[in-house]
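I opened the model to look up the ligand site and then the domains. My notes follow.

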Amino acid sequence: MSSPRVAVVGATGAVGPVVLEVLAERGFPASEVVAFASARSAGSRVPFAGGKLEVRELHDDSFDGFDLALFSAGGSTSKRYAPEAVARGCVVVDKSSAFRMDAGVPLVVPEVNPEALDGHRGIVSNPNCSTIQLVAALKPLHDAAGLAHITVATYQAVSGTGASAVRELRDQSQALLAGEPAAPSVYPHQIAFNVLPHCDAFEGDSTTEETKLVNETHKILGDPGIPISATCVRVPVWRGHSEAVWIETREPLGAERARALLRDAPGVRVVDDPAASAYPLPSAAAGTDDVLVGRIRDDGSRRNGLSLFVVADNLRKGAATNGVQIAELLVGRGLVRVPDRAAA
Ligand code: A2P
């Protein structure tokens, strides 16, 4: 079987460079990897597999001759170019929210619902970062005891917003430590040394991030009937989203059994020894692909209640790694058509 030619769109943003890093690290079977971004970055160079790739400006015809396109360039770029990539023969793995809730678009976390890939029509969506780690941790508990209710409060890193937000946190922190003013630009308020109960845009009383977390969890778990209450909060952390999660299960489960189920869950690492101050931390998750779960305990305030704390690297498992794992499954299952170019 021939190996696919792979386009990485958004190669100069917060996620794109991590996609390149993960592709190289995992030895993704590509015949060629090409980096794309906007005209602003054309000609710049990004690291890949010990060398550098020259960034090309994205055009409609950029996708000719490619088989797979990994998009991390925001919703408007995906809406504009992903259908074009599909029309030109690519399978698209899209990190934006543009197509996630479309009925014909699989929304996939490989450890949770890989079977959804089978029905793809050219675009596969990579879920929101907060959703990926939540469903990875909750799926084994749902399978064992049935989720009756989920409450979640997130503590989300600035890299989830993009490279400009990472710069804003750095610049504001430096300015404030030097006693200088720190005007907000990416966020509506100062993010350094602050906490903003506001991720993404408000849509009525809730934010789009909160709505995504609810709707995407329903779609991935295949159970839109689970009541979910979410509050998403931005915190001055570079990398790694945290989530405090409270669940109620239909059947009794208990912390001991939940811990045992999570120890066996793919992609999950239990870090839960409070006596030794061992619990999930964004600083420990950063740079890894594990979903860290800890503080697992019975919650006596509700029937069949359980609390847990869930942390993952939002740029890796929450974005790049999940996307590359989807691409690996697509290739492994023969769901990407790769023409025999040598014969052409
Ligand atoms: P560029 O750096 O040239 O603007 P972030 O995740 O930090 O928001 O980055 C978004 C990524 O999407 C960047 O690589 C950015 O490229 C890229 N991008 C933004 N708009 C376009 C576009 N119209 N065509 C191609 N890439 C785009």
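Ligand shell. I looked up what surrounds the ligand and found 15 residues, counting a residue if one of its heavy atoms lies within 4 Å of the ligand. The closest are Thr12, Ser38, Arg40, Ser41 and Ala163. By class, I noted six nonpolar, eight polar and one charged residues in the shell; Ala, Val, Leu, Ile, Met, Phe, Trp, Tyr, Cys and Pro count as nonpolar, Asp, Glu, Lys and Arg as charged, and the others, Gly among them, as polar.

Basis. This is a predicted model, in which local features need pLDDT of at least 70 and side-chain atom pairs count only at pLDDT 80 or more, while totals for chains, interfaces and linings use all residues. Residues are numbered from 1 along each chain as its sequence is written, and side-chain values use heavy atoms, with hydrogens and water left out.

Polar contacts. I took pairs of N or O atoms within 3.5 Å. Thr12 places a polar side-chain atom 2.5 Å from a ligand oxygen atom. For Ser38, the distance from a polar side-chain atom to an oxygen atom of the ligand is 2.6 Å. Ala163 has a polar backbone atom 2.8 Å from an oxygen atom of the ligand.

Domains. The domain assignment, automatic or from a database, gives domain 1 (5–98 + 319–343) and domain 2 (130–313). Their centres, taken over C-alpha atoms, are 27 Å apart. Nine residues from domain 1 and seven residues from domain 2 make the contact, meaning heavy atoms within 4.5 Å.

Technical notes
Polar contact = N/O pair within 3.5 Å; in protein donor to acceptor, adjacent residues only side chain to side chain.
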